[in-house]
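Colleague: I am new to this structure and would like a close look at one part of it. Please choose a part, go through it step by step, and then place it among the other features.

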Amino acid sequence: MVEGVLDWDEYRAWYRLEGPAPADDGKAPLVILHGGPGAAHDYVASIAELADSAHRPCVLYDQLGCGRSQHLPDAPTEFWTVDLFRRELVALVDHLGIGGRYHVLGHSWGGMLGMEHALEHPRGLRSLVVSNSPASMVLWVEEGNRLRSLLPLDVQETLTRHEAGGTTDSDEYEQAVMRYYERHLCRVVPFPQGLQRSFAQLAEDPTVYHAMNGPSEFHVIGSLKNWDITPRLGQLRRPVLVISGEHDEATPAVVSPLVKALPDGRWHSLEGCSHTPHLEQPGRYLELVETFLAARD
């Protein structure tokens, strides 16, 4: 295990490399992109268990603005762009010297970033895993509101009242959101420690999440609210594994157009899981991912 700091432009990002040192004759490294935006790596750290179980080099990192990387709470809202994080990922791959051969796995927002990265046609990218991600935020919000309409009426009333009143930072609103999360984000209750740590650091500095997403998963009012990569996915010339869960926020209505738009995509929905199948059924999830990666090293 090697930890380091990436200096890129005038910014700093923390990363950790787990498993064997990347080698030309070994398995291609897997770069793991966390979600949020701004949720930090803690809740996806278990995916790097492939370093032990499959002897695959795995890279975890905290994107700018969260976790152990540089925080910029005073940056203007317009600073936080998709292009910023796309450039950070390229800088990390170059810094680690793995640009000749590597895979990317992105969860939720990380999958969105992974698709953006793949559409830059990086020379050494072997494959992409898009885990529990939308290709269209408009569809994501539509389905999020449909799932929200199935919550108990008192929970729905609490959410609506605080959103209308601009009090989404209240404890009551957060508790109501948690009822949604327990159905559609993670069905392991209490939440695993890694997910709790990601939530805690997100609460401590929600700058990136609020700027790009908004106050909650289904109340998206940030810069990503109109993001839609679907029309561009026909240009993605790498094999893609798409993963979702039976109870996922990324419902079939969200995921199906993504998969259909891919020239070389395959889709697995994991029964009994929601938005974090790597935490809910880790064995099945890691086996699925490694089988896909190994065939494309």
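Modeller: Two strands are taken as a pair if DSSP finds at least two bridges between them. The model here is a predicted one. The part I choose is the pair formed by strand 1 (residues 2-8) and strand 2 (residues 11-18), which are antiparallel and joined by seven bridges. One position to find on the structure is Gly4, which has Tyr15 of strand 2 opposite. The two strands form a hairpin with two residues between them, and Asp9 there has a positive phi near 50°.

Within the hairpin, follow Arg16, a residue of strand 2. Is Arg16 buried or exposed? Its relative accessible area is 11%, and the limit for buried is under 20%, so Arg16 counts as buried. The side chain of Arg16 has a polar contact of 2.8 Å with the side chain of Glu18. Setting aside residues up to four places away in sequence, Arg16 touches Met1, Val2 and Glu3, and also His41, Ala45, Cys58, Val59, Leu60 and Arg68.

Met1 can be read from its own side too. Met1 sits in the segment before strand 1. With the same sequence neighbours left out, the contacts of Met1 are Arg16, Leu17 and Glu18. Unlike the buried Arg16, Met1 is exposed, because its relative accessible area of 67% is over the 50% limit. From Met1 to Ala253, 252 residues further along the chain, the distance between C-alpha atoms is 40 Å.

From the hairpin, turn to the rest of the chain. Asp9 is joined by other non-glycine residues with a positive phi, among them His55, with phi near 55°. His55 lies in the loop between helix 1 and strand 4 (58-61), and at 57% relative accessible area His55 is exposed. Asn132 also has a positive phi, near 60°. Asn132 is in the loop between strand 6 (125-131) and helix 4, but here the relative accessibility is 0%, so Asn132 counts as buried.

Next come two cis peptide bonds. One runs from Gly36 to Pro37, with omega near -5°; Pro37 belongs to the loop between strand 3 (30-33) and helix 1 (50-53). Another joins Val189 and Pro190, with omega at about 0°, and Pro190 is in the loop between helix 6 and helix 7.

Gly36 and Pro37 lead on to the enclosed space, since both are in the lining of the largest cavity, which also includes Ser108, Trp109, Met112, Pro134, Met137, Trp140, Asn213, Glu217 and Leu224. How many cavities of 30 Å³ or more are there? The count is one, and the largest cavity holds about 90 Å³. Its lining is made up of seven nonpolar residues, three polar and one charged. Helix 3 (109-118) and helix 4 (137-148) each give at least two residues to that lining. Helix 3 is largely enclosed by the rest of the structure, because 10 of its 10 residues are buried. Trp109 and Met112 are among these buried residues, and both are also in the cavity lining.

The largest pocket has a volume of about 630 Å³. Of its 27 lining residues, Tyr181, Phe199, Leu202, Tyr209 and Pro215 are the closest to its centre. By class, the pocket lining holds 14 nonpolar, 10 polar and three charged residues. Helix 6 (171-184), helix 7 (193-204) and helix 8 (207-212) each contribute at least two residues, and helix 6 contributes the most, namely six.

Ahead of helix 6, Ser170 is in the loop that follows helix 5 (153-165). The Ser170 side chain has two polar contacts to look for: one of 3.3 Å with the side chain of His162, and one of 3.2 Å with the backbone nitrogen of Tyr173.

To return to the chosen part: strand 1 and strand 2 are held in register by seven bridges, and Arg16 in strand 2 is a buried residue that touches Met1.

Conventions
Residues numbered from 1 in each chain as written. Predicted model: local features only at pLDDT ≥ 70, side-chain atom pairs only at ≥ 80, totals over all residues. Heavy atoms only, no water. 1 Å grid on protein atoms, 1.4 Å probe; cavity = no way out; pocket = protein on both sides within 12 Å on 5 of 7 lines; lining within 4 Å. Points joined across faces, edges and corners; volume = space filled by probe spheres on them. Helix = DSSP H or I, 4+ residues; strand = E, 2+ residues; numbered from the N terminus. Nonpolar A, V, L, I, M, F, W, Y, C, P; charged D, E, K, R; others polar. Buried < 20%, exposed > 50% of the residue type's maximum accessible area, 1.4 Å probe, protein only. Polar contact = N/O pair within 3.5 Å; in protein donor to acceptor, adjacent residues only side chain to side chain. Contact = heavy atoms within 4.5 Å.
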